[in-house]
Amino acid sequence: MRTWIRHRAAILIIFLLTVLAVAGGVWRYGYGQALEQLARRGEADLALGADRLTAQLKRYQELAVLMAEHPTLLTLANNPAITTAQRGHALLLEAADKTAALDLIYARADGTILATAQESAPPPNALSETPYFRRALQGALGAHHEVDLRFDRRAFYYSVPSFSSDGTVSAVLTVVVDVEDVEGNWRGDGPTVFFIDDLDEVFISNRSELVFWKRSSDGQSLIPPQGNAPTFRSYTRAGFEIWQLDWGPYIPARGLHIVQDLPVIDMVAEAIVDVSLARRIAGLQAGTIAAIFMIFGLILLQVLERRRVLTEANAELENRVTLRTQALSATNEALRREITEREEAEAALKKAQADLVQAGKLSALGQMSAGISHELNQPLMAIQTFAENGTRFLERDNSGKAGENLTRISQMATRMARIIKNLRAFARNENEPTGRIDLAAVITQAVELTEPRLLQDDITLNWSPDALKTPVYVRGGEVRLGQVFVNLITNAADAMANRPTRQIDITIQSTPRLCVLIRDTGPGIDAPDKIFDPFYTTKEVGSSEGMGLGLSISYGLVQSFGGNIRGSNHPEGGALFTVELERWPQESAA
């Protein structure tokens, strides 16, 4: 026993380690696949952010190119009069207001400022020392970014030269772009994106807390301008660089690091894409595989446990056989006794088996008797009633009425014969052939069979066969069709058991199709789509009449006649069952 326990413990440990290894492998594979999809989406988001930034900056670049050749500014460069300077200021101010530029500066080639959009101008000759201004003096587009000390804001600068008639640079127009205004259109949108300049400093970002952070000495992490370096760890997973960090509530704690060069603005765009979704997806995949393996392991454990029990039982049996063999071999007399006992035991076993077979037969006969009793109970009661009435009519010398009762007894006997015939046909998978059936007569017979139940429950049944001008003949079997209407009337009576108003209306509708409408004043149908499903019932659990097969059988019977049956709720309350039947061919032709 102890050996088996140790053996089972070793198997369990090996299985758990295998499950962990497989789940870990699935997690790594699923995580890698999710990271690949996340990287593609992150690269698209980063490219979108970079394109958005360059597009917005390009708008100011184009502004500088278009405004540099404006006639007012060219006149101002040749004639810096007061009125001309005022017109230049008005022009630049209007352009700054319409484009949200921080400032527009128009200066001579020597750095003398001729006009600005803002009232506060840079210090004299300050522009001549800037790289973007010197670049414009060479006849090219000058671009640069830094913190503008006048406004204490991060700014992009675009300088465009204005040429004189001899082809030399006579003046330079500089557009100052407010970086915070550019960021305002996409701050907090999408993954964390930041742009690092040639000074290894974050100059633009959609997370304002990262602005002015510098790249660390190892070239991987970022360090804030003041304070200690925050928590950071970089590692590679499935070929992708993952950063684990603690940089603030709006920056993911674990993200995929993506880099893209932007030579157009002389910066490097980087993004940190949250990988929590990828980890959850990988975790779900690994958990699913682990659960499947655990279920398989439990099944395997049950199999092994059963094998162990069988092995122990076989060992015990073999031990007993050995002891018994030794005892039997001690004496021949004991052997004969053992053989006799075994023969008696075998005979007893055969007798027990025969008794079990006989009991099974009796049980089957009991079930058949219950079914036959259920089908024949009402005709027998009707025969008894008609016989008693016939006796009373004979005592009163009323032979006519007695004859009518005897006729009805004959009809009931015929009906019982048809029921037994149908039961026998059902047992042999046979069906009574369909024929020409008087629909009103079948409904009337069903009403008569259910009349005692309706009287007992004080249920009013409205059915007027005399209202039909001509007989209505349909295709079907008389007994089976009658059973359908008996089931529907009985179900209606059951549904109205506790209702203050109990009424059943039966009508025949001839157009557009031949239909029998059976309406009750019960609570209606909770689930009309399920009412004909086998074993679906709304009756109390344990009820002998609540098997849920009556409507299902009725549905099959009507279908076998080529018709249809459906249940619905009447607009005025209660349930409405519609039985559609096919007319008999002569009836249709008529």
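The following paragraphs describe two sheets, the helices beside them, a buried arginine and several aromatic pairs in a predicted model.

One open sheet consists of five strands in the order β2-β1-β5-β4-β3, with antiparallel pairing. Its edges are formed by β2 (113–116) and β3 (142–148); each has a single partner strand, so one side of each is left without a neighbour in the sheet. From one strand to the next, the twist averages 25 degrees. Strand β1 (residues 103–108) runs antiparallel to β2 and is joined to β2 by three bridges. Within this pairing, Ala-107 stands opposite Ile-113 in β2. Helix α2 (residues 71–78) packs on the sheet, where the helix touches β1, β2, β4 and β5 (169–178). The direction of α2 makes about 40 degrees with that of β1.

Strand β4 (residues 153–163) contains Arg-154. Is this arginine buried or exposed? Arg-154 has a relative accessibility of 6% and therefore counts as buried, since the cut-off for buried is under 20%. The side chain of Arg-154 forms a polar contact of 2.8 Å with the side chain of Glu-183. When neighbours within four places in sequence are set aside, the residues in contact with Arg-154 include Glu-146, Val-147, Val-177, Asp-178, Phe-203 and Phe-212, as well as Glu-183 itself.

A second group of features concerns aromatic side chains. The structure holds 10 aromatic pairs. In one of them, the ring centres of Phe-232 and Trp-243 are 5.0 Å apart and the planes stand at 85 degrees, so the pair is edge-to-face; the cut-off for that class is over 60 degrees. Phe-232 belongs to strand β10 (residues 232–237) and Trp-243 to strand β11 (residues 240–245), 11 residues apart. Phe-232 counts as partly exposed because its relative accessibility is 21%, whereas Trp-243, at 0%, counts as buried. Another pair is made by Phe-532 and Tyr-555, whose ring centres are 5.3 Å apart and whose planes stand at 35 degrees, so this pair is tilted. Phe-532 lies in the loop between β18 and α11 (550–560), and Tyr-555 lies in helix α11, so the pair ties together parts that are 23 residues apart in sequence. Phe-532 is buried, with a relative accessible area of 14%, while Tyr-555 counts as partly exposed at 32% relative accessibility. Ring pairs also link Trp-213, Phe-232, Trp-243 and Trp-247 into a cluster.

Further along the chain is another open sheet of five strands, arranged in the order β15-β17-β18-β20-β19 with mixed pairing. Here β15 (460–462) and β19 (564–569) stand at the edges; each has a single partner strand, so one side of each lacks a neighbour in the sheet. The twist from one strand to the next averages 15 degrees. Strand β20 (residues 575–580) pairs with β19 in the antiparallel sense over six bridges. Gly-567 has Phe-577 in β20 as its bridge partner.

Helix α9 (residues 439–456) lies across β15, β17 (503–509) and β18 (515–520) of this sheet. Relative to β17, α9 runs at about 175 degrees. Helix α10 (residues 478–495) comprises 18 residues and reaches 26 Å from its first C-alpha to its last, close to the 26 Å expected at 1.5 Å a residue. This helix is mostly covered, with 13 of its 18 residues buried.

Conventions
Residues are numbered from 1 along each chain as its sequence is written. This is a predicted model: local features need pLDDT of at least 70, side-chain atom pairs count only at pLDDT 80 or more; totals for chains, interfaces and linings use all residues. Side-chain values use heavy atoms; hydrogens and water are left out. Two strands pair if DSSP finds at least two bridges between them. Helices (H or I, at least four residues) and strands (E, at least two) are DSSP runs, numbered from the N terminus. Axes are lines fitted to C-alpha atoms, for helices over the stretch in contact, and angles run from 0 to 180 degrees between N-to-C directions. Contact means heavy atoms within 4.5 Å. Buried means under 20% relative accessible area, exposed over 50%, partly exposed in between (1.4 Å probe, protein chains only). A polar contact is a pair of N or O atoms within 3.5 Å; within protein, one must be able to donate a hydrogen and the other to accept it, and residues adjacent in sequence count only if both atoms are side-chain atoms. The expected span of a helix is 1.5 Å times one less than its number of residues. Rings of Phe, Tyr and Trp (its six-membered ring) pair if their centres lie within 6.5 Å; planes under 30 degrees apart count as stacked, over 60 as edge-to-face and the rest as tilted.
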